[in-house]
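Good morning, and thank you for making time for this short talk. Please have a look at the chain on the screen, and then I will walk you through it piece by piece.

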Amino acid sequence: MMQTTVRGELVEPYAEALLSLAQTHNLIDQFQQDTQLILELLASASELQQFLANPLIKPEAKKNVLRQLTVDKVHGYFLNFLMLLVDRRRINFLGPICEQYRALVRKLRNVVLAEITSAVELNDDQRRAVVEKVKAMTGAADVELVTACDPELIGGVVIKVGSQIFDASLRGQLRRLSLALAQAA
C-alpha cells in the first residue's frame, strides 16, 4: 500500500506538469503520440525498463539512449521532459507517468478507456457497435478502445470501463447458468 501511495505522489505531479506544458503550447495530441511511442518502447523492450531503472547507470548514458530511441520521433519539449526525469531520478516512473498523462487527457476530453476482450478479433462494424454501446453506458463524448483476444471466452465480448465490467461472453453466460443451476439444486 505504501509503495502505491509513493508511486502516485511521484507520478501525478509529473503527468500534470506534462499536460500543463502540452496545453500551454497546444501540443496535447503530439504528446499523446509521444507517450504512446514511449509506452510501446517500454512494452517491447524489458531491457530498456531495467536500464532506465538501474541506479548504477550514469544519467548521461540514460539520456543518450533516450535521445537515440526518440530522435525525430518526439517533440523537443517532450524530449526535454524525458531529460528532466533523468536529472530528477524519476525516469524509472516513465511508464506510469505516460499512462497517467493519457488518463488526464481522456478526462479532459470526456473520453473513456474501454478494454475489450473478445474470442476473436473484432471487425470494424463490431468495434463501432462496441464504441456506441460504451458511449451509451457512460455518456462519454468518445471511447478509446484497447482490444485483446481470449479464445477461452468461446464467443461474445467482455467490456471493462473503469471498475465496471459488462460480460457478454459465452463463457460468462455459461458460468452464470451453472451458478443458477447450483443454487436451484
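I will begin with the overall layout, then turn to the helices and their loops, and finish with the strands.

What you see here is a predicted model, and I ask you to keep that in mind throughout. The chain is divided into two parts, with domain 1 covering residues 1-107 and domain 2 covering residues 110-183. If we take the centres of domain 1 and domain 2 over their C-alpha atoms, they are separated by 30 Å.

Let me turn to helix α5, which takes in residues 76-87. We can check its length with a little arithmetic: at 1.5 Å a residue, the twelve residues of α5 should span 16 Å, and since the C-alpha atoms at its two ends are indeed 16 Å apart, the expectation and the model agree. Which residues of α5 are buried? They are F78, F81, L82, M83, L85 and V86. Two of these names come back when we look at the aromatic rings, because rings pair if their centres lie within 6.5 Å, and such ring pairs link F31, F78, F81 and Y101 into a cluster. By this rule, the count comes to three aromatic pairs.

Next come the loops, where the backbone angle phi deserves a moment of our attention. Most residues other than glycine have a negative phi. R89, which follows α5, has a positive phi near 60° although it is a residue other than glycine. R89 is placed in the loop between α5 and α6, the latter being residues 94-108, and because its relative accessibility is 66%, R89 counts as exposed. N26 is also not a glycine, and its phi is positive at about 55°. This residue, N26, is found in the loop between α1, residues 2-24, and α2, and with a relative accessible area of 73% N26 is exposed.

Staying with helix α2, which spans residues 28-44, we find Q36 within it. Is Q36 buried, partly exposed or exposed? Its relative accessibility is 30%, so Q36 counts as partly exposed, given that the partly exposed class lies between 20% and 50%. Along the chain, Q36 and K133 are 97 residues apart, and their C-alpha atoms are separated by 25 Å. As for K133, its charged end sits over the ring of F166, at 4.9 Å from the centre of that ring.

Finally, let us look at the strands. Strand β1, residues 111-118, and strand β2, residues 142-149, pair in the parallel sense, and they do so over eight bridges. Taken with helix α7, which runs over residues 124-138, β1 and β2 make a right-handed β-α-β unit. Within the pairing of these strands, V111 stands opposite D142 in β2, while E115 has V146 of β2 as its bridge partner. What is the sense in which β1 and strand β3 run? They run antiparallel, with five bridges joining β1 to β3, which is made up of residues 156-161. Here E115 appears again, standing opposite K160 in β3, and so we can place E115 with a partner in β2 and a partner in β3.

Methods:
Residues numbered from 1 in each chain as written. Predicted model: local features only at pLDDT ≥ 70, side-chain atom pairs only at ≥ 80, totals over all residues. Heavy atoms only, no water. Helix = DSSP H or I, 4+ residues; strand = E, 2+ residues; numbered from the N terminus. Expected span 1.5 Å × (residues − 1). Buried < 20%, exposed > 50% of the residue type's maximum accessible area, 1.4 Å probe, protein only. Phe/Tyr/Trp six-rings, centres within 6.5 Å; stacked < 30°, edge-to-face > 60°. Lys NZ or Arg CZ within 6 Å of the ring centre and 35° of its normal. Pairing = 2+ DSSP bridges. Right-handed = clockwise from strand over helix to strand, strands pointing away. Domains from an automatic or database assignment.
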